[in-house]
Amino acid sequence: MALALLSSARREPIDPYPGLETVRHLYVHTPFCATVCPYCAFYVHTGSAAEMRSFVEALLLEWDRLRRTYPIAARTLYFGGGTPSLLPLDAFRRLAEALRPWESVEATLEANPRTVTPEKAAAWRELGIGRVSLGVQSLDPAVLRTLGRRHRPRDVERTMAVLREAGFENINVDLIFGVPGQSIASWKETLEGVIAMAPAHISAYELTYEEDTPFFEARAAGVWREDEERSIAMYREAWSLLEAAGYRQYEISNYARPGRECLHNQGYWMGDDYLGLGPGAFSTVGLRRWQNRRHTGRYVAALSAGREPPREEEGLSEEVRRRERLMLGLRTSRGIPYSWIEGEAERARALIGQGLAELSDGTFRLTPEGRLLADGIAGLFV
Ligand code: SF4
């Protein structure tokens, strides 16, 4: 009788991941590049095909650990780096097939113009990659030389043709402005040249002098100096040319044709949780954030020995996450709920009066001019 009572008692379903929300965004960091550009502060280095293959085996082990620990139903998957398009096809195939069946609606691969072959492009498509983000940076050979980039402008056109031939329609082109020696005329020509290639998405980033890079040292030594006025003029040039060509600025550095906004980055900007695989990759789940140590050798060694990759972890608070969402939200055209800053109504009104912000349907957003000052304005509210 007691047994019958026990078995007929209503059982609550067991939650295998107590307290955790499903993670919707995955990032995979490949640290390999053909050469290291002098302005780059990402965790990157060169490597042989054999090193890339053992790195991919370690990634597979990390993926195995993560999926046993977290509820994951990825809507977006982003292969970034580094240069993931450098990975040998057999290794990339193993990785992509292991991550499948992803439930993603968007899978992006970062590529550099000289690393794309018809064979690779066709395989990426077949493996479910729908979006390629191409590191073009400039169409001016002198600017490319300053940036230490190996490709030439003609490589960009050839690569776009190869990608389109393979069926890619959703292509992003990354550009940089504010480069030493880059004139406004050169920037304008690059923008016009890229618009003529009609990618679905264009990212236009201002060069930043990151610590521990040769560019940072050159600036510290007085070889180069930042020219804020020129950078502001370049931002405005990008905004007006791209908007006139049908690209909508939906974040301070990002422009897209309608419906081609990057869902993965939008997830970050809205403060969603994400998991990052690979050395140097960040993850944020709930109130935990960690970064895998920036060391490929130790990453591979730990996982091959059945251990977690070395990490650094920090605890977050609801307040920190709220501030991050506010700061990131102000950089986007979505803006933020006005309720988040209601306590600072006077400041908000002043910004609206200066044409730097607008308020509609309970949403507070910065205008394109206001986005130029997004970080400073966010500082008023956090
Ligand atoms: S190719 Fe990109 S990721 Fe690699 S070193 Fe240059 S800027 Fe950094």
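## A tour, starting at helix H11

Select helix H11, residues 296-304. Among the elements that cover its buried residues are helix H2 (49-69), strand E9 (275-277) and strand E11 (288-292). Keep in mind that this is a predicted model.

Which residues of H11 are buried? Colour Thr296, Tyr299, Val300, Ala302 and Leu303. Now look down the helix axis. These buried residues cover an arc of only 165°, so they sit on the same side of H11. There is a general reason for such patterns. An α-helix has 3.6 residues a turn, so residues three or four places apart point the same way. Next, step past the end of the helix. Gly306 follows H11, and its phi is positive, near 85°.

**Stop 2: Trp290**

Go to strand E11, which helps cover H11. Select Trp290, which is in this strand. Is Trp290 buried or exposed? Its relative accessible area is 1%, so it counts as buried. Now show what surrounds it. Leaving aside neighbours within four places in sequence, Trp290 is in contact with Tyr70, Leu275, Ala281, Phe282, Ser283, Val285, Arg311, Glu312 and Glu313. Pick Leu275 from that list. Trp290 and Leu275 are 15 residues apart along the chain, and their C-alpha atoms are separated by 9.5 Å.

**Stop 3: helix H4**

Select residues 118-126, which form helix H4. Its buried residues are Lys120, Ala121, Ala123 and Trp124. Look down the axis again. The buried residues fall within an arc of 165°, so they line one face of H4. Which exposed residues are on the face turned away from the buried side? They are Pro118 and Glu119.

Now show what packs against the buried residues of H4. You should select helix H3 (89-99), strand E3 (106-111) and helix H6 (153-165). Then move just past H4 to Gly128. Its phi is positive, about 100°.

**Stop 4: strand E1 and the glycines beside it**

Select Thr30 in strand E1, residues 23-30. Thr30 has 1% relative accessibility, so it counts as buried. What is Thr30 in contact with, leaving aside its neighbours within four places in sequence? Show Phe55, Gly80, Gly81, Gly82, Thr83, Pro84 and Leu87.

Zoom in on two of these glycines. A cis peptide bond joins Gly81 and Gly82, with omega about 20°. Gly82 is in the loop between strand E2 (72-81) and H3. You met H3 at the last stop, packed against the buried residues of H4.

**Stop 5: the ligand**

Gly82 leads to the next site, as one of the residues around the ligand. Select the rest of that shell. Add Cys33, Thr35, Val36, Cys37, Tyr39, Cys40, Val44, Asn112 and Arg149. How do the residues of this shell divide? Six are nonpolar, three are polar and one is charged.

**Stop 6: two unusual phi values**

Select Gln137 in strand E4, residues 131-137. Its phi is near 70°, a positive value in a residue other than glycine. Gln137 has 7% relative accessibility, so it counts as buried.

Now jump to Asp361. Asp361 also is not a glycine, and its phi is positive, about 50°. Look for it in the loop between strand E14 (357-360) and strand E15 (363-366). Is Asp361 buried or exposed? At 81% relative accessibility, Asp361 counts as exposed.

**Stop 7: Glu344**

Select Glu344. It lies in the loop between strand E13 (336-337) and helix H13 (345-353). Its relative accessibility is 31%, so Glu344 counts as partly exposed. Leaving aside neighbours within four places in sequence, Glu344 is in contact with Leu380 and Phe381. Draw a line from Glu344 to Phe381. The two are 37 residues apart in sequence and 7.1 Å apart in space, C-alpha to C-alpha.

**Last stop: the two domains**

Zoom out. Colour domain 1 (23-269) and domain 2 (317-382) separately. Their C-alpha centres lie 28 Å apart. How many residues of each domain are in contact with the other? Count 12 in domain 1 and 11 in domain 2. Together the domains bury about 1,000 Å² between them, with 52% of it on carbon and sulfur atoms. Finish by selecting Tyr235, Ile252 and Trp269. In domain 1 these three lose the most area to domain 2, together 44% of what that side buries.

Key
Residues are numbered from 1 along each chain as its sequence is written. This is a predicted model: local features need pLDDT of at least 70, side-chain atom pairs count only at pLDDT 80 or more; totals for chains, interfaces and linings use all residues. Side-chain values use heavy atoms; hydrogens and water are left out. Buried means under 20% relative accessible area, exposed over 50%, partly exposed in between (1.4 Å probe, protein chains only). Helices (H or I, at least four residues) and strands (E, at least two) are DSSP runs, numbered from the N terminus. The arc is that of the directions from the helix axis to the C-beta atoms. Contact means heavy atoms within 4.5 Å. A residue is near a molecule or strand if one of its heavy atoms lies within 4 Å of it. Ala, Val, Leu, Ile, Met, Phe, Trp, Tyr, Cys and Pro count as nonpolar, Asp, Glu, Lys and Arg as charged, and the others, Gly among them, as polar. Domain bounds come from an automatic or database domain assignment. Buried area is the accessible area (1.4 Å probe) that two parts lose on being put together, summed over both.
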